[in-house]
Amino acid sequence: MGGNKARRKALIGGGKKKEISGREMKKGVKGIASNYIHRTKAVRRLQVSLKDFRRLCILKGIYPRDPKKKPHGNDKTYYHIKDIKFLMHEPLLQKFRNMKAFLKKHKKARLRRAWKAAESLQKNLKPTFNLDHLVKERYPSFVDAVRDLDDPLSMVFLFAMIPSKTCKEHVSSFPRECLQLAREFQLWVVKTHALRKVFVSIKGMYYQAKVNGQDVTWIVPHKFKQTTPQDVDFRVMITFLDFYVTLVRFVNFKLYFDLGLRYPPNIIDSKENSGAYLSALSMEEAGRERTFESKITATVEVKTEDQEKLQEKVRQIAGQLDEEEAEMDEEEKEEEEDGEGADGEG
């Protein structure tokens, strides 16, 4: 009787799940739950710190998921297992590890008060990051980048007015770089007459322009004294800004290149010192056109030089032929005179 009850429970589903071999199945090994991994396990698998993991997810465009079944509890943050495997092949991982090793060496040098060694480490061994490959990876075509240009432009215009040193990562070069990119994009909008709508609100001025057939809307804060709130995590915003600056620079280059203009535009120092905004930038024709014309002129010059050399050779040959003909004529005259003298004697 007891064996029959156990069989009934197994058939109904009251007993534990078992495989064909009879072993018990672990939670999260098969099914939908096996496609997700919680954040702590992902950080261990990538062998990075939590700060670098967040930064890497922001740069790669990977966000948490909300699976239906959460085997490790509802208080965990889950990511798709394919996204984590995708992150494992990212070249920036090695850059983060190199930066961690550099910071350890720099800290040791400062604790030993070896200021010259710390300065040489800062100049020579500090790793640099390049995010160009991420832009090409996330936006295969230019239209995709233009469609996602709203938030990058708003962020660039915002940090062009925010004072630096809001956090440790917010260096003084960010406002200048953001202001330069904002001016370059505004100059392109003015040059192409792409502006369509403007709206003024309490937050700032909303602009909408037609860029490559797509509507792009961004907000520009009012030019008042900006107060930085304390409850905002500027480190996360700086991570977004790193990628957005690279994206906007790519877009500006493509827009100027399509018009046949030089990028970046030159800055007129006299107007810049006098406080001019867009008029301080001068738009010139692209160097590729000048180089193409220079190549044509160079080929023409080569051809003319070759023609002159050929003409000189032809002149030399013609002169030699004339001299030979003159000598032959003189010889014929001498022979004729000799023949006439012989006839007279006879």
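This report covers the fold, cores and strand pairings of one predicted protein model.

**Overall picture**

The protein has 346 residues, and 29% of them count as buried. Its secondary structure amounts to 13 helices and 7 strands. About 24,600 Å² of the protein is exposed, with carbon and sulfur atoms supplying 52% of that area. Contacts reach far along the chain. Of those between residues at least 6 apart in sequence, 63% join residues at least 24 apart.

**Confidence**

The mean pLDDT is 80, and 79% of the residues score at least 70. Residues 288-303 fall below 50, and this stretch has 4 contacts in the model beyond near neighbours in sequence. Where pLDDT is low, predicted coordinates should not be read in detail.

**The nonpolar cores**

The largest nonpolar core holds 61 residues. Phe 53, Trp 218 and Leu 241 have the most contacts inside it. Helix H11, spanning residues 234-258, is the top contributor, giving 11 residues. The core also crosses a domain assignment: domain 1 (32-89) and domain 3 (131-282) each supply at least three residues.

Take Leu 241. Beyond its neighbours within four places in sequence, Leu 241 contacts Met 155, Val 156, Phe 159, Phe 174 and Cys 178. A second core stands separate from the first, with 5 residues, among them Met 99, Ala 109, Ala 118 and Leu 121.

**Helix H3**

Helix H3 covers residues 50-60. Its buried residues are Asp 52, Phe 53, Leu 56, Cys 57, Ile 58, Leu 59 and Lys 60. The list includes a charged pair by residue type, Asp 52 and Lys 60, alongside Phe 53. What do the buried residues of H3 pack against? The partners are helix H2 (39-46), strand S2 (78-80), helix H4 (81-87), helix H5 (92-111), helix H7 (132-138) and H11. After H3 comes Gly 61, with a positive phi near 75°.

**Trp 188**

Trp 188 sits in helix H10, which spans residues 173-192. Is this side chain's residue buried or exposed? Trp 188 counts as buried because its relative accessible area is 7%, and the cut-off is under 20%. Setting aside residues up to four places away in sequence, Trp 188 touches Ala 194, Lys 210, Val 211, Leu 255, Tyr 256 and Leu 259. Val 211 is 23 residues from Trp 188 along the chain, and their C-alpha atoms are 9.9 Å apart. Val 211 also belongs to strand S4 (residues 204-211).

**Strands S3, S4 and S5**

Strand S4 pairs with strand S3 and with strand S5. Both pairings are antiparallel.

| Pair | Strand residues | Sense | Bridges |
|---|---|---|---|
| S3 and S4 | 195-200 and 204-211 | antiparallel | 5 bridges |
| S4 and S5 | 204-211 and 214-221 | antiparallel | 8 bridges |

S3 and S4 form a hairpin with 3 residues between them. Within this pairing, Phe 199 has Tyr 206 of S4 as its bridge partner. On the other side of the count, Met 205 stands opposite Val 220 in S5. The hairpin of S4 and S5 has 2 residues between the strands, and Asn 212 there takes a positive phi near 55°. In a regular strand, side chains alternate between the two faces of the sheet.

Technical notes. Residues numbered from 1 in each chain as written. Heavy atoms only, no water. Core = buried A, V, L, I, M, F, W, Y, C linked by side-chain atoms within 4.5 Å. Buried < 20%, exposed > 50% of the residue type's maximum accessible area, 1.4 Å probe, protein only. Helix = DSSP H or I, 4+ residues; strand = E, 2+ residues; numbered from the N terminus. Domains from an automatic or database assignment. Contact = heavy atoms within 4.5 Å. Areas by Shrake-Rupley, 256 points an atom, 1.4 Å probe, with all protein chains shown as cover. Pairing = 2+ DSSP bridges. pLDDT = per-residue confidence, 0-100.
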